[in-house]
Amino acid sequence: MPESRTIQLVDLACTVNGRNVALRIEPRETLADVLRERLGLTGTKVSCDAQVCGACTVLLDGQPVSSCTLLAVEASGRAVRTVEGLARDGSLTPLQEAFIEHAAFQCGFCTSGMLMAATALLEEQRHLSREDVVHALEGNVCRCTGYVPIVDAVLAAAEAGQ
Amino acid sequence: MTIPRFELHVPTSVAEASELLRRYPGEAVPYAGGTELLQTMKLGLASFEHLVDVKRIPALAGIAVQPGGWLRIGATTTHREIERSALVGERLPALRLLERQVANVRVRNTGTLGGNLCFAEPHSDPAAFLLAAGARVRLGSAEGERELDVDAFIAGPLFTDRAPDELLLDVRVPPARPGRGHGFAKLAFFERPAASVACRIDVAEGAIADARVAVASACESPVLLERVGQTLVGARGADLDDALGAAVEAARHDVETFDDVNGSADYKRHLVGLLLRAAATSAYEEATRA
């Protein structure tokens with residue numbers, strides 16, 4: 001757009017981890033940009049920036065989305081949840097506990113995305129097979145663990161009745 | 001990567017969206033899930049100064065059975081909505097299975113069927129299915145509407161018959177009925193498949209009366225292999241295996257594959273044959289299920 005034109009700003013009103021957020025943003029800002037740069041929620045990581053790796057996974061109305069390639073305005077009127085919103089009053093969720101118990105992370109870069117994708121699955125389905133977990137996490141890439149401990153952790157959290 | 005600056009428009013009718021697209025020739029583009037569009041803009045492969053969000057237009061939404069049994073899927077329906085639709089599950093289980101395997105859950109939650117078709121990605125599994133199913137698309141603009149076969153709509157790699165001021169309104173799939181079955185099979189090593197094959201088979205009086213075969217990913221653009229389907233016509237129970245063998249040979253001959261990171265052109269021809277056998281077998285099983 002030529003610089004002579006006014007830069008369009010749009011209103012974004014949504015909740016992030018249960019808190020009301022109201023911002024004036026540019027339409028081109030991604031949800032990851034807004035979370036990390038404007039709200040300081042840096043638990044959401046950006047890696048491939050192409051919806052392939054899953055590191056930037058957050059929940060939009062309970063469903064996993066890639067915040068790296070979603071315009072933040074798409075969150076208008078909706079509920080965004082990030083890894084920062086999982087623990088309540090310092091208590092980890094059973095899923096987070098299971099990740100620690102099963103050593104389901106090493107470098108940790110994929111972990112917030114894994115946790116959010118698995119949280120969406122656990123909230124929808126109580127009885128999970130290994131295949132269900134693998135299918136739900138197919139789009140989340142981990143270069144450290146070899147995945148087995150991650151799948152084990154999600155199954156353990158399902159058992160624990162998250 | 002930062003997305004270059006653009007202006008976002010949120011029309012609520014087809015006419016309004018079409019006017020916007022016409023107002024900014026060459027600078028405006030319809031925007032739905034953004035799965036492909038935002039990626040190409042980030043990479044600088046495409047640049048648009050106006051994005052016309054089509055997700056608030058009621059005429060582009062929803063899944064419904066129409067009079068005559070055609071299944072209408074609105075252009076802004078996400079892959080996840082199709083995957084989870086009870087109507088699709090009942091009538092087109094092969095499409096449900098296909099949609100369940102599109103990319104990953106995040107792409108399925110935002111990416112739309114209409115966006116997928118309009119981008120004309122060579123790796124489009126839905127396009128392969130819709131070609132085999134004999135689906136039709138409806139396009140609309142401020143001028144009116146027109147309808148055409150998916151085959152005519154997909155004009156080539158990353159290229160469709162859609163005019164710049166037209167919107168894809170919906171896709172309509174011919175009725176599911178007794179004696180008709182759909183099948184789909186793919187092999188993917190990465191996000192985008194190496195090869196995908198879709199098949200529709202109609203059985204009458206114990207023999208295959210009609211068969212349609214479409215291939216995606218292995219070739220430049222999703223394609224209907226008309227001669228291949230015809231090799232299956234007339235086959236019945238005992239000689240199905242021979243007919244499948246002939247169809248596999250015909251498909252390997254007719255499909256124009258290419259070398260890339262997924263493998264050589266020869267390898268992909270081989271895959272097309274294997275996947276055709278799997279897709280046609282499940283279509284036949286569905287068609288002959290009591």
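**View 1. A loop residue of chain B, Val261(B), sits between two helices.** Val261(B) is found in the loop that links α11 (240-254) and α12 (265-288) of chain B; helices (H or I, at least four residues) and strands (E, at least two) are DSSP runs, numbered from the N terminus. This is a predicted model, where local features need pLDDT of at least 70, side-chain atom pairs count only at pLDDT 80 or more, and totals for chains, interfaces and linings use all residues. Residues are numbered from 1 along each chain as its sequence is written, chains are lettered from A in the order in which they are written, and side-chain values use heavy atoms, leaving out hydrogens and water. Val261(B) counts as exposed because its relative accessibility is 68% (exposed means over 50%, with a 1.4 Å probe and protein chains only).

**View 2. Val261(B) has nonpolar company at the surface.** Together with Phe189(B), Phe190(B) and Tyr267(B), Val261(B) makes a nonpolar surface patch of about 420 Å². To join such a patch, nonpolar side chains must be within 5 Å, in residues with over 30% relative accessible area and no salt bridge.

**View 3. Here chain B meets chain A.** On each side, 31 residues are in contact (heavy atoms within 4.5 Å). Look for Arg5(B) and Glu26(A), whose side chains meet in a salt bridge at 2.7 Å, N to O; the term means a side-chain nitrogen of Lys or Arg within 4 Å of a carboxyl oxygen of Asp or Glu. Across this interface, the rule finds four salt bridges.

Conventions: Patches are made of residues with over 30% relative accessible area and no salt bridge: like charges are joined within 9 Å, nonpolar side chains (Val, Leu, Ile, Met, Phe, Trp, Tyr) within 5 Å. Accessible areas come from the Shrake-Rupley method with a 1.4 Å probe; for residues, only the protein chains shown count as cover. Buried means under 20% relative accessible area, exposed over 50%, partly exposed in between (1.4 Å probe, protein chains only).
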